[in-house]
Amino acid sequence: MSLNEELKTTEDAALAKIGAAGDVAALERVRPEALGKSSALRGFLRQLGKLPAEERPEAGRVINEAQARVEAAFEEKLATLRDAELARRLDTERVDVTMPPPRPITGSLHPLTLTRREVERIFISMGYEVAEGPEIETEYNNFDALNIKADHPARDMHDTFYLDTPAGGILRTHTSPVQIRYMLKHKPPLAIIAPGRVFRVDDVDATHSPVFHQVEGLLVDKKVSMAHLKSTLIEFLRALYSDDIEIRFRPSYFPFTEPSAEIDMKWRSGKGDTWLEMGGAGMVHPNVLRNVGIDPAEYSGFAFGCGLERLAMLRYGLSAMRPLYENDIRYLRQFR
Ligand code: PHE
């Protein structure tokens, strides 16, 4: 085969491969053998030395022309493939600017938080302060100072979480110890609410959880009576629900209040009217006042404790408490 024939075969092979490349990536894989230093066409240049001197210029020119045609074909193909890819992307990645933008994902407050804030707002408007206490308490603050004697069933191992640490301590079983903490630091007149988490070893069902929330209330001043307690709670529940709710006070017993009452609210549901227990209340027991250095002959007070879950369930018409703790975002985002 003459040089020209060999050259033609090599050039055609390179052009065929370039022509066959379906996309830019495939074309780039052809680049070394078509245009690279060790391509077949370059191989011819290296063989020029074997030719007689007078044939070399002509042969060199022919090889270079072939090389130039392959290069041109490569560049042209590259431009075509790039155009095609751009066109395809413009087609598939097109944005319809008339579509509404995707809605940003926003968080929302937990229904218990929303309810707590509403309770706080109502009591702050009545001149109360919001107080806090720790969730790990001493047995003294949680029980003894509240006139709950050592043999009281509430202190039974089955109700209270005891901490297995050298310092001891318990998880508070109610928010009432905040009464003690606050009265040790502040002198009457005083009016607080203390919302927070409480803990009880309990059978878990639709309405019980070992962790739940209460809102404590405490007011101490001169000549405070049961009438103040009743009007305050009625005012509170009306503000939270509606003006036409019915409330009743049932005689009850708590070691830290005397007299004591259970607060019930009438609830109209599809199944008819029912009285629901909203919390406990009463006049602060003289022993409790004495335990914090307040003279019961000079001062009297009332206290109450409501379950925050119950307040929230009635506020939002919830039938079960459990979903409040399951953190299912589909459930929680309904309360926005
Ligand atoms: N601490 C009581 C409970 O957990 C509720 C309560 C608070 C009762 C204040 C009277 C006064 O059941």
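**Exercise 1. Domain separation**

Task: Determine how far apart the C-alpha centres of domain 1 and domain 2 lie in this predicted model.

Solution:
1. The domain assignment supplies the bounds: domain 1 covers residues 3-92 of the chain, and domain 2 covers 111-335.
2. Between the C-alpha centres of these two domains the distance is 87 Å.

**Exercise 2. Location of the ligand and its shell**

Task: Establish where the ligand sits and which elements give two or more residues to the shell around it.

Solution:
1. The site of the ligand is the largest pocket.
2. Three elements each contribute at least two residues to the shell, namely β5 (211-221), β8 (272-284) and β9 (300-307).
3. Strand β9 provides the largest share, with three residues.
4. By residue class, the shell comprises five nonpolar, seven polar and two charged residues.

**Exercise 3. Contacts with the ligand**

Task: Identify the residues that come nearest to the ligand, and describe the polar side-chain contacts of His-174, Ser-176 and Gln-214.

Solution:
1. There are 14 residues around the ligand, a residue being counted if one of its heavy atoms lies within 4 Å.
2. Of these, His-174, Ser-176, Arg-200, Gln-214 and Glu-216 come nearest.
3. For a polar contact, the N or O atoms of a pair must lie within 3.5 Å.
4. In the side chain of His-174, an N or O atom is 3.0 Å from a nitrogen atom of the ligand.
5. Ser-176 places a polar side-chain atom 3.0 Å from a ligand nitrogen atom.
6. Gln-214 instead addresses an oxygen atom of the ligand, with a polar side-chain atom at 3.0 Å.
7. On its own the ligand has 320 Å² of accessible area, and the protein covers 90% of that area.

**Exercise 4. Backbone exceptions**

Task: Locate the cis peptide bonds that precede Pro-189 and Pro-259, and place Asn-147, a residue with positive phi.

Solution:
1. As a reference, most residues other than glycine have a negative phi, and most peptide bonds are trans.
2. Pro-188 and Pro-189 are joined by a cis bond with omega of about 5°; Pro-189 belongs to the loop between α7 (177-185) and β4 (190-199).
3. The bond from Glu-258 to Pro-259 is also cis, and its omega is near -5°. Pro-259 is part of strand β7 (residues 257-269).
4. Asn-147 is not a glycine, yet its phi is positive, at about 70°. This residue, Asn-147, lies in the loop between α6 (139-142) and β3 (170-171).

Technical notes. Residues numbered from 1 in each chain as written. Predicted model: local features only at pLDDT ≥ 70, side-chain atom pairs only at ≥ 80, totals over all residues. Heavy atoms only, no water. Polar contact = N/O pair within 3.5 Å; in protein donor to acceptor, adjacent residues only side chain to side chain. Areas by Shrake-Rupley, 256 points an atom, 1.4 Å probe, with all protein chains shown as cover. 1 Å grid on protein atoms, 1.4 Å probe; cavity = no way out; pocket = protein on both sides within 12 Å on 5 of 7 lines; lining within 4 Å. Sits in = over half its atoms within 2 Å of the grid points. Helix = DSSP H or I, 4+ residues; strand = E, 2+ residues; numbered from the N terminus. Nonpolar A, V, L, I, M, F, W, Y, C, P; charged D, E, K, R; others polar. Domains from an automatic or database assignment.
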